[in-house]
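User: I'd like to practise reading a structure step by step. Could you walk me through it, with the general idea before each case?

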Amino acid sequence: MATFGTLSDRLTATFSALRTKGKLSPADVDGTVREIRRALLDADVALPVVKDFTAAVRERALGDEVNKALNPAQQVVQIVNDELITILGGQQRRLEFAKNPPTVIMLAGLQGAGKTTLAGKLAKWLKADGHTPLLVAADLQRPNAVQQLQVVAEQAGVAVFAPEPGNGKGDPVKVAKDALKHAKTALHDVVIVDTAGRLGVDAELMKQAADIRKAVDPDEVLFVIDAMIGQDAVSTAKAFQEGVDFTGVVLSKLDGDARGGAALSVASITGRPIMFASTGEGLDDFEPFYPDRMASRILDLGDILTLIEQAQKSFTEDEARATAEKFATDSFTLEDFLAQMQQLKNMGSIKGMLGMLPGARGMREQLDNFDEGEIVRTEAIIQSMTPAERRVPKLLNGSRRLRIAKGSGTTVTEVNALVSRFEQAAKMMKTMAKGGMPQIPGMGPMPGMGGGGGAASMRKAAAKKKGKSASKSGNPAKRAAEEAARAQGVRPAPSGASGSGFGLGGAAPAGDKQPTADELAALQKFLGR
Amino acid sequence: MAEGWRLGGALRGLFASPTIDDDTWDDLETALLGADFGPDITEQVLDELRASVAKFKTTDPRDLKRMLRESLEERLAAHDPTLTLSNRPAVVLVVGVNGVGKTTTIGKFAKFLTGYGRTVVVGAADTFRAAAVDQLATWAERAGAQVVRPQHQGQDPASVAYQTVQFAIDNNIDIAIIDTAGRLQTKAGLMDELGKVTRVIEKLAPIAEVLLVLDGTTGQNGLAQAEAFIESAGVTGLVVTKLDGSAKGGFVLRVQQQTGIPIKLIGQGEGIGDLTGFTPHVFAASLVP
């Protein structure tokens, strides 16, 4: 959706003339509400939901409760974000297990929503939790759906109940009933019933789904819906609610770039909570659903929280503190640089990380050109140095550089670039560690810093990198991490914790996973120019 | 149950009112947005219609309805929906994101072609998803087409594609259709794999058509899908599936308009005969009855 820019960009544009105004006039609000409406429609939120939603936002924006501390654009984004989270369900709901096992979970949805894959993921997830799930092949419609479930079950290492070969033969209601008996005798405590995909308008198949529901009396009926679905989410969700009355929703294919407005539509129209998100083709790509993160995604504010969480997993506070001290005392060496880079690698794919940043959706092309191999090459260069050279880069004369280039299979130019980049980075980090704030927008009155903000500078960084043959890989990622931390309102303390030179350690103690109003405001400030 | 053709329903009420007023325009906008045309196309169509209404000074909603249908039809008909399958063998590569109905479409397409007396071989280059090969083989059997299977699980899809085309050449088969694994357009590595598949096929024979299958229930993300697949696989035509449900698939108009890639086939059910060529006036008429 890059072509349309993010909602925050547009809001910023709408309000550029209103900077000095302290309060929103009805006309301002109307303009903003129009932008929000468009953004929501672009994100595939269903029209009736958009209408209710914008009406609610309008009312609140004109009300007296607005936060006087924020500028108008920030106020509106805050209101929108609050409302989104409210609709998406303030908190997550867990699966409910039956008092007398087996617990029966039934899956339903359109064709191609991802039910069979989800059945495997859910089974694997439950198995890891100490349950003994049984997968039931009640999709006898689609050719070879039964085989697919068998393969998935094997991959997940769980049992499967498939008495019928499928391909249009057999009675799914009977299969489901027999599965319950089988589960009781074979002592499975959870039964997951995979049903055939069906369209909301197909009365006959909806009745079949209702019959399966009646036959097995499930504790949970999960409605699996594709995150890419458009306006049809409303009629489909309504049809399934009337047909099988699901108890929870699973959003699939969230690893794509769909903004997932369907989540909002379904939650708002049916009032059922979204319980899980499915984020890839591997059986482990499955996670509980976080409403606040989804709100950010719909508004394209980026999935900062996930990023921070991942960072927290890889960086400990102590490590960050040690690094910060090294910066401050000028004892940061290429060895530390290498260690930092390896830590970044532990966080997973750099591309994936960058993708979570606000506005990053527009960077797809640059991301694609981002070569993870650069890191490997940089590593090779550093590892081809002697320990003395790593500690004192000044030692590196021409012949040493040539040796290193040969040893690492690179060129002298690349070695040169790495060394100069390291020196620049060390210098910048030092300034920051001492409490200085070079080139960070949105951190207070810094006139002239205008366009340097957030996504724009990231894009520049990425683009710049593309041009050079030498690896620049460490930098944008680190910068990304810093910006993420900063966006959360983490300011460098004067003490050692100013490890926010690498931001991540500093973010850890904040600990609070819910974005507070302040954080969102800071985030918005960071996004605005 | 869902209300069926929602745009149709919304418009029926709308065009029953005696004159064109503000409500008419509001309802029209609602109907267009509800059919997944997206805010851009909706705005364009509305502007165009407002201009026409002003120009012809009409107040009759029936005129508006006719103009709407014509406007949509004209937009839909902007590109040529004919399939070019004149090479022998004509190689058709089918691509798309997960769960849009690629395999089902191939089954129906093979039946469609065998119905015209063409010999068809399908290549199961979806070596990733569990049981995808069997699913395709079942369809091929129903359609009376031959099938080329991978020799082992997880074989390189490009090599299966190559073998399929080779098989078609050796056995003098008219058309080779190659199934690929579903992939989200954001997975750069998987998208590159498609590029490899096309390069490898082209060593043997030029590719006649690369069909991108789009799920009719998709929203505005369909455009992002199309753009990514055009870039990595050189898509030459669109197939819209699952139009037998309550979804209108209005987003395909936006896709066609912005990418210039024509819609070529329409899938409307799980039966083997439920695939038709794309005819703009039929599609427009189903949107605006």
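User: Let's begin with the sheet in chain B: how many strands form it, and in what order?

Analyst: Happy to help; keep in mind that this is a predicted model. The general idea is that strands of a sheet pair through backbone hydrogen bonds, either parallel or antiparallel. Here, eight strands of chain B make an open sheet with mixed pairing, in the order 3-2-4-1-5-6-7-8. Ignoring direction, neighbouring strands are turned against each other by 25° on average.

User: Which strands stand at the edges?

Analyst: Strand 3 (146-148) and strand 8 (275-277) of chain B do. Each has a single partner strand, so one side of each has no neighbour in the sheet.

User: In what sense do strand 2 and strand 4 of chain B pair?

Analyst: Strand 2 (residues 120-125) and strand 4 (residues 175-180) of chain B are parallel, paired over six bridges. To follow one of the partnerships, take Ala124(B), whose bridge partner in strand 4 of chain B is Asp179(B).

User: Which strands does helix 7 of chain B lie across?

Analyst: Helix 7 (residues 157-170) lies across strand 1 (90-95), strand 2, strand 3 and strand 4 of chain B, and runs at about 165° to strand 2. Helix 9 of chain B also packs on the sheet, where it touches strand 1 and strand 5 (207-215) and makes about 160° with the direction of strand 5.

User: Now the interior. Which residues touch the most other members of the largest nonpolar core?

Analyst: In soluble globular proteins, nonpolar side chains tend to be buried together. The largest core here has 189 residues, and those touching the most other members include Leu135(A), Ile192(A), Leu93(B) and Ile177(B). Beyond its close sequence neighbours (within four places), Ile192(A) contacts Ile105(A), Leu107(A) and Pro133(A), among others. A second, separate core of eleven residues includes Leu334(A) and Met341(A).

User: Is Ala156(A) buried or exposed?

Analyst: Ala156(A) counts as buried because it has 23 C-beta neighbours inside 10 Å, where 20 or more are needed. Ala156(A) sits in helix 6 (residues 145-156) of chain A. Its C-alpha is 5.1 Å from that of Lys124(A), although the two are 32 residues apart in sequence.

User: Last, how many residues does each chain bring to the contact between A and B?

Analyst: Chain B brings 40 residues and chain A brings 40. On the chain B side, helix 6 gives the most, with four residues. That side divides into 15 nonpolar, 18 polar and seven charged residues.

Definitions and conventions: Residues numbered from 1 in each chain as written. Chains lettered and ligands numbered in written order. Predicted model: local features only at pLDDT ≥ 70, side-chain atom pairs only at ≥ 80, totals over all residues. Contact = placed C-beta atoms within 7 Å. Helix = DSSP H or I, 4+ residues; strand = E, 2+ residues; numbered from the N terminus. Nonpolar A, V, L, I, M, F, W, Y, C, P; charged D, E, K, R; others polar. Core = buried A, V, L, I, M, F, W, Y, C linked by C-beta atoms within 7 Å. Buried ≥ 20, exposed ≤ 12 C-beta atoms within 10 Å, placed from the backbone. Pairing = 2+ DSSP bridges. Axes fitted to C-alpha atoms, helices over the stretch in contact; angles between N-to-C directions.
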